[in-house]
Amino acid sequence: MLESKEMISFKSYQDQANMFVKDYILADSLIPYTSVIGGILACKLIYDLTQLIGTNYFKTYNSFSKIQRIEWNNRAISTIHSIFITAMSLYLVFCSDLFSDDQSTDPITVRSSSLSTFALGVSVGYFIADIAMIFWYFPSLGGYEYVVHHLLSLVAVAYSMLSGEGQLYTYMVLISETTTPGINLRWYLDVAGMKRSKAYLINGVVIFLAWMVARILLFVYMFYHVYLHFDQVEKMHIVGQILVIVVPIVLSVMNLVWFAKIVRGLRKTLAKRQ
């Protein structure tokens, strides 16, 4: 009898918790706000876990300067975010029917779902946390180019999340985050004293290929897609139209500048090995 009452009581609490999550935390009207808060809290959790693991399991970590340890933790956050948002972007853009031309009569520029809005909210939370760290430790975690990149990304992603407009093109741009793990791994190899290792060389080649596909060719495809669907882009609010066109153009220019640096760096690495 006692066990039965405990089970009933537990089931009651479980049902109440499920209703709370469904009606409040994951309610459509609250998803933009709960997902942003969740994204910020996730960044804090990853930072603390990375610091804990580094301190206890990596001897090299304890020999770093304070700012190097902070950057180590910060790059772990950006790596986890990039894996999450790349997976979500690839699914929503290429696998889901949400933005398919054949699935709905609504313009693709105004389509959204609870899942797509939630994922953008998590990304907004990440950009808020990351740019706050960049400002706090400026310029140790990145110079003005990082500030410009993050502010443009934050504004565009936040607008798309809150308005539901242009989410397809927002996710196309966010696929470019697939290059982040490789960039961070290169930094880790560098501070670990492995610049002359084979892993460092392979990493450089992978970054070159990934950057060319995700940040050069994919942007060309996105601009072509915008051109084909420009009649639907014009149905967006003027702010959304500006963000869909201007932000990717600015990011494309920055990507080309960074790509030139990647090519020069790879050429230097190959020359040294010869």
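The legends below accompany close-up views of a predicted model of one protein chain.

**Figure 1. Overall fold of the protein chain, built from eleven helices and zero strands.** Read from the N terminus, the elements follow one another as α-α-α-α-α-α-α-α-α-α-α. Of the 274 residues in the protein chain, 45% are buried, and the accessible surface amounts to about 15500 Å², with carbon and sulfur atoms contributing 66% of that area. Among the contacts with a separation of 6 or more, 76% join residues that are 24 or more positions apart.

**Figure 2. The largest nonpolar core, which comprises 59 residues.** The members that touch the most other members are Val 124, Leu 168, Tyr 169, Tyr 171 and Leu 174. At least two residues of this core are supplied by each of α2 (31-57), α4 (66-95), α5 (114-136), α6 (144-163), α7 (167-174), α8 (180-191), α9 (198-228) and α11 (238-273). In soluble globular proteins, nonpolar side chains tend to be buried together.

**Figure 3. The surroundings of Leu 174, one of the core residues that touch the most other members.** When residues up to four places away in sequence are not counted, Leu 174 touches Ile 85, Thr 86, Ser 89, Leu 120, Ser 123, Phe 127 and Val 157.

**Figure 4. A nonpolar patch on the surface, with about 910 Å² of accessible area together.** The patch is formed by Val 148, Phe 223, Phe 230, Ile 238, Val 239, Ile 242, Ile 245, Val 246, Ile 249, Val 250, Val 253 and Val 257, and α11 provides the largest share, nine residues. Phe 223, by contrast, lies in helix α9, and this residue counts as partly exposed because its relative accessibility is 30%.

**Figure 5. Glu 145 of helix α6 and its contacts with Met 254 and Trp 258.** These two residues are the ones that Glu 145 touches once residues up to four places away in sequence are left out. Glu 145 and Met 254 are 109 residues apart in sequence, yet their C-alpha atoms are 8.1 Å apart in space. The relative accessible area of Glu 145 is 34%, so this residue is classed as partly exposed.

**Figure 6. Asn 73, a buried residue of helix α4.** Asn 73 counts as buried because its relative accessibility is 0%, under the 20% limit applied to that class. Leaving aside neighbours within four places in sequence, Asn 73 is in contact with Tyr 47, Thr 50, Gln 51 and Tyr 61.

**Figure 7. The two salt bridges counted in the model.** Side chains of opposite charge can pair when their charged atoms come close. In one bridge, Lys 44 pairs with Asp 48, and the closest N and O atoms are 3.3 Å apart; both residues lie in helix α2, four residues apart, about one turn of the helix. Asp 48 is partly exposed, with a relative accessible area of 32%. In the other bridge, Arg 75 pairs with Glu 71, and the closest N and O atoms are 2.9 Å apart. Arg 75 and Glu 71 are separated by about one helical turn because they stand four residues apart in helix α4, and both Arg 75 and Glu 71 are buried.

**Figure 8. Cys 43 and Cys 95, in a model with zero disulfides.** A disulfide is a covalent bond between the sulfur atoms of two cysteines. Cys 43 counts as buried at 8% relative accessibility, whereas Cys 95 counts as exposed at 56% relative accessibility.

How values were computed:
Residues are numbered from 1 along each chain as its sequence is written. This is a predicted model: local features need pLDDT of at least 70, side-chain atom pairs count only at pLDDT 80 or more; totals for chains, interfaces and linings use all residues. Side-chain values use heavy atoms; hydrogens and water are left out. A nonpolar core is a set of buried Ala, Val, Leu, Ile, Met, Phe, Trp, Tyr and Cys residues joined through side-chain atoms within 4.5 Å. Buried means under 20% relative accessible area, exposed over 50%, partly exposed in between (1.4 Å probe, protein chains only). Contact means heavy atoms within 4.5 Å. Patches are made of residues with over 30% relative accessible area and no salt bridge: like charges are joined within 9 Å, nonpolar side chains (Val, Leu, Ile, Met, Phe, Trp, Tyr) within 5 Å. Accessible areas come from the Shrake-Rupley method with a 1.4 Å probe; for residues, only the protein chains shown count as cover. A salt bridge is a side-chain nitrogen of Lys or Arg within 4 Å of a carboxyl oxygen of Asp or Glu. A disulfide is a pair of cysteine sulfur atoms within 2.5 Å.
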